[in-house]
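Biologist: I want the reasoning behind the labels, not just the labels. Shall we go through them one at a time?

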Amino acid sequence: MTRVHELTRRDARRIAVRAQLLTAERATDLFEMVRHLELLQADTTGVVAPSADLVAWTRLGSQYRLGDLDKAFAAGTLVELQGMLRPAADLALFRAEMAVWPGPGKLRDWEEEQRDWVAANGECRRDILDRLHDDGPLPARALADTTVVPWQSSGWNNDRNVRMLVNLMVHRGEVAMAGLDGRERLWDLAERVYPDDPAVPLAEALRIRDDRRLRSLGIARARGFEYPVAPDEFDLPAVGETAVIEGVRGRWRIDPAYLDQPFSGRAALLSPLDRLVFDRQRMADLFEFDYQLEMYKPAAKRQWGYWALPILYGDRLVGKLDATADRDAGVLRVDAVHEDGEWSATMRTAVDREIDDLARWLHLGLSRPAA
């Protein structure tokens, strides 16, 4: 009979924190960190710093310098795929899936709809490929909209035909992000961006990706959250080992390599898009932490701030930092530190030190609210 590991919430939290390289022993190598984490979300929101840079700093500390990820991308060590920075060598794990887009076997309704929409706009797709071949890299706004069937959605992506078509061409392995012009993505033919490594066969590639995903997360529901650009992000029914968590319903999958390991935590300021907290249900189950990204809420309805950073201390999420990098004024402006529960003097000192380090890393002074 397969063993089922019985975990406390603290056990589960420590597995998750250790897997995400957030213990006291910091990572030391940027590429190995990205390889272990598997991906960094390439969101350019710069309220404090772009999310990928903030994730790297949180793991590596001051040895990581702003722009190091950009340099790795420019050198071809990292590539962007579906909004995620990944090691370029990992593209071999996605090529077979691209070749059978929108998917092998029986398609779901939305996959059929996407397939049919791309087929209906085949002439526009060929126009985009021809233009990129001749003039790429180019921003999406430079590509003519010759679609004959417009993209239909609930409203967010209506009238963004070229943007949606380019996105699906990324999934097909035809187009890739080649760089940035300010905050605007530049697109080119994938063959000129991606390494020319042979594809790993689909079944093997999916297994390897699932193994790496669980190694990066440490613990996840066998069937749970769907990442917006990687629908199988937390669908891990066949890897790792089974676990149950005291006080939490359902069964989980864990990487047993993280079991019975010593744990030494630290304070860390997390991007709202950090994988430790991105799956909000997992976050609530394991950390019992109340948090939402409030940038889309009216200011009057925000509890913690526009881009509040979750605060990790040891194996607990203990608060939120509301801060803004005001580069014109040359300061990191701290509007509030929201403390969940009772903080000890030691906790407060550790978090203050992280805030100080964040300001130094950003090459900004520090402006705190008056006592």
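Biologist: What makes glutamate 288 count as exposed?
Modeller: This is a predicted model. Its glutamate 288 has 51% relative accessibility. Exposed means over 50%, so glutamate 288 counts as exposed.

Biologist: Why is arginine 9 called partly exposed?
Modeller: Arginine 9 has 21% relative accessibility. Buried would need under 20%, and exposed over 50%. Arginine 9 therefore counts as partly exposed.

Biologist: How do you know that glutamate 288 forms a salt bridge with arginine 9?
Modeller: Their closest N and O atoms are 3.5 Å apart. The cut-off is within 4 Å, so the pair qualifies. The two residues lie 279 apart in the chain. Arginine 9 sits in helix H1, glutamate 288 in the loop between helix H11 and strand E12.

Biologist: What makes glutamate 184 and arginine 141 a salt bridge?
Modeller: The N to O distance is 2.8 Å, and the rule asks for within 4 Å. Glutamate 184 is in strand E7, and arginine 141 is in the loop between strand E5 and H8.

Biologist: Which label does each partner get, exposed or partly exposed?
Modeller: Glutamate 184, at 26%, is partly exposed. Arginine 141, at 62%, is exposed because the cut-off is over 50%.

Biologist: Why are H7 and H8 called roughly perpendicular?
Modeller: They pack at about 75 degrees, with axes 11 Å apart. Roughly perpendicular covers 65 to 115 degrees, so the label fits.

Biologist: What kinds of residue make up the contact of H7 with H8?
Modeller: Seven are nonpolar, none is polar and one is charged. Ile128 and Leu129 are among those in H7, Val162 and Leu165 among those in H8.

How values were computed: Residues are numbered from 1 along each chain as its sequence is written. This is a predicted model: local features need pLDDT of at least 70, side-chain atom pairs count only at pLDDT 80 or more; totals for chains, interfaces and linings use all residues. Side-chain values use heavy atoms; hydrogens and water are left out. Axes are lines fitted to C-alpha atoms, for helices over the stretch in contact, and angles run from 0 to 180 degrees between N-to-C directions. Helices (H or I, at least four residues) and strands (E, at least two) are DSSP runs, numbered from the N terminus. Angles under 35 degrees count as roughly parallel, over 145 as roughly antiparallel, 65 to 115 as roughly perpendicular and the rest as oblique. Contact means heavy atoms within 4.5 Å. Ala, Val, Leu, Ile, Met, Phe, Trp, Tyr, Cys and Pro count as nonpolar, Asp, Glu, Lys and Arg as charged, and the others, Gly among them, as polar. A salt bridge is a side-chain nitrogen of Lys or Arg within 4 Å of a carboxyl oxygen of Asp or Glu. Buried means under 20% relative accessible area, exposed over 50%, partly exposed in between (1.4 Å probe, protein chains only).
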